[in-house]
Protein chains: 2
Amino acid sequence: MKKHYLLTPGPTPIPPEVALKEALPILHHRTGEFAAIFSDVAESLKYVFQTKNDVFIVASSGTGAMESSVVNLLKPGDAALVATCGNFGERWTKILEAYGIKPQVINVEWGKTINPADIEKALKANPGIKAVYTTFTETSTGVVNDIAAIGKIIAASNAVFVLDAISGLAGQELRSDDWQVDVVVSGSQKGFMLAPGLAFVSVSAKAWKLVEEATLPRFYWDWRKMKKSLGTKETPFTPPVTLIVALQEAVKMIKAKGIENIWQECRLHAKAARAGMKAIGLELFGDNPCEVVTSAKVPQGVDGGKIVKMLREEYGVSIAGGQGALKGKIIRFAHMGYIGKADILVGFACLEMVLTRLGYKLEKGKAVAAAEEALLNG
Amino acid sequence: MKKHYLLTPGPTPIPPEVALKEALPILHHRTGEFAAIFSDVAESLKYVFQTKNDVFIVASSGTGAMESSVVNLLKPGDAALVATCGNFGERWTKILEAYGIKPQVINVEWGKTINPADIEKALKANPGIKAVYTTFTETSTGVVNDIAAIGKIIAASNAVFVLDAISGLAGQELRSDDWQVDVVVSGSQKGFMLAPGLAFVSVSAKAWKLVEEATLPRFYWDWRKMKKSLGTKETPFTPPVTLIVALQEAVKMIKAKGIENIWQECRLHAKAARAGMKAIGLELFGDNPCEVVTSAKVPQGVDGGKIVKMLREEYGVSIAGGQGALKGKIIRFAHMGYIGKADILVGFACLEMVLTRLGYKLEKGKAVAAAEEALLNG
């Protein structure tokens, strides 16, 4: 009987029109019917990615597509650069190290963002760097990096720009080609409004040169197999048919709304979320907050874990807490994908009740009022 | 408007009770609610696998779980043995080679089965072999290997027995522990009556010793992460929530029916399928036909590709043709999972019409009658 309100940065809520597609009788994947869906989806993904490059569909969580961006680009002993400002940035280093690559790491304090000049300096100092790995919106802290600036710097070098856009794509403005991002990784369960289980990766011509020279071991993650499958419309391995059929519906909805309108809406949602937090005295966390998730510091004397737990258990409202060193110290409200204006208001109304119950002093209705104000006036 | 009848060896049809679970509002994966589902499913999988070992759930196609059985067990330079009798057996060799392992290969002609004595001979000749990779039901040809006999031989050696049971598990009798199979790989889209997108792998204590010594690169496929997740009930990466919720329903149905009853039913279905083929003069393909899919040779003068195409396009009946060198030469009828007795009869009735249209001489109704007879009298 419990009613759920998902304001988590993945999985995000799934529109019923998309969810019901998952329940349709399954198609066989080696048929013209499925091939038509598969190539329609692959083509539509280019629009969402804002790229002319091929976008591959991978049956895995987003991390699988990240791993594919390591094994398809590098050789043992290759130089790589990781610029990280949070939990997901650190994942790049872990994956690279699992394959014996010791990357140079620009490690920025959690909550801060990457300084593009640091990447420029690193690339000048080591022109042998093959690939630069970083994060678009760092979900663990709620900040966004300046991808246009980083893209310009990397484009002027020999290196390939690889971006984890799992949580930001189809939410916050990301222009893959204009911003010269060679490899863009994303996942189905955030801006795409779909269940987890699919990941996506776009690959530029500059990156493709490395793909042909790469010698790290690859089989399931092999982009060469995936590229071939776009031509033949036959996936190398049995694809998650129901998720891809649902993805077609989700991408159709994204196209109908228009990607720029989605960016605009996320921007407005972020304004409302920030206004709501501030109105009840919660300090925003992070230097350059992104537009898909808003992080705020847990007030002194309040147990951050209890906020998340009570919201979920008593009111059915799911938000995220902090990860790693930020555990218990921040709360994170997502406002991307199928999270609507009313959901944000629900989130704040219940947050007001929970904080009150946890002994924090606030004026009830103030967060909601501030969010309403922002939603009305932008 | 087209009505589909799936008699393909994966994806197989999905029961509506399972399919509809995929459409339920999505749960967040870091909640007690999902953790309870996850651990219930992981526990139930042990029953389906007939094992006391942990069964890991992987977000990928079955091939991903195969790859995990390479990277978690071996070191560069390790000796491995592949015993193959078809397309899927050959995949083991390809994966091993992608990781720089040159396996010794027992290569049996497609349509024949592995002779357990050959494995015994190979293990005696090279006691350094770390792992033996083979296939349970080889879907590409429709045969089944003698797993009990192979298990006995490998158990007496130092090697670990790794079995691709993607298409046979939860269909044909497979007793993982009794037959001493150390690593059993399966996938969601066959006997499990679910959409593709999940793979499973059970790991014995004998295999786990190799996991700790293995040094091939692994990150996403790392069983150590998966083992930890069973304890903490938190998956290492965002799991395909909707598929796992649906899996819980599917496994509940399997438990309610009883795995031995499922084996018995598959056996009966296979009898009916073989009888139907023979009744209209089609010769069975393969030495030791399995019970989840029945292969028959395409009669001389008939275009095998046209049989498959016409069945699908004119009657909505999906069966499989041959793969690789068998393309156009065999047809394959699956009869596992949610493929019922009536589906088999539909398949034969439409096959009779299609063969007649393609100029093959047969007495209409004979295949159906023979299948009915087998279904009635076992």
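**A tour of two chains and two domains**

Start with both chains on screen: in this predicted model, a turn of 180 degrees and a shift of 0.0 Å along the axis lay chain B on chain A with an RMSD of 0.0 Å. That is the relation of a two-fold axis. To find where the axis runs, select Ser60(B): of the C-alpha atoms in chain B, the one in Ser60(B) is nearest the axis, 2.5 Å from it.

Next, look at where the chains meet. Chain A and chain B each bring 44 residues to the contact. On the chain B side, select helix H1 (16–22), helix H3 (62–71), helix H4 (87–98) and helix H9 (241–257), each of which supplies at least two residues to the side that touches chain A. Try colouring this side of chain B by class, and you will find 23 nonpolar, 16 polar and five charged residues. Why do the copies meet through the same surface? Because 100% of the interface residues of chain B are also interface residues in chain A.

Now hide chain B and stay with chain A. Colour residues 5–10 and 259–377 as domain 1, then 16–257 as domain 2. Their C-alpha centres lie 28 Å apart. Where the two domains of chain A touch, 26 residues of domain 1 are in contact with 27 residues of domain 2.

Which elements of domain 1 give two or more residues to this side? Select helix H10 (259–279) and strand E11 (293–297) of chain A. H10(A) gives the largest share, five residues. To finish, colour the domain 1 side that touches domain 2 in chain A by class: its residues divide into 14 nonpolar, nine polar and three charged.

Notes:
Residues are numbered from 1 along each chain as its sequence is written. Chains are lettered from A and ligands numbered from 1 in the order in which they are written. This is a predicted model: local features need pLDDT of at least 70, side-chain atom pairs count only at pLDDT 80 or more; totals for chains, interfaces and linings use all residues. Domain bounds come from an automatic or database domain assignment. Two residues are in contact if their C-beta atoms, placed from the backbone, lie within 7 Å. Helices (H or I, at least four residues) and strands (E, at least two) are DSSP runs, numbered from the N terminus. Ala, Val, Leu, Ile, Met, Phe, Trp, Tyr, Cys and Pro count as nonpolar, Asp, Glu, Lys and Arg as charged, and the others, Gly among them, as polar. Copies are superposed by least squares on the C-alpha atoms of residues with pLDDT of at least 70 in both.
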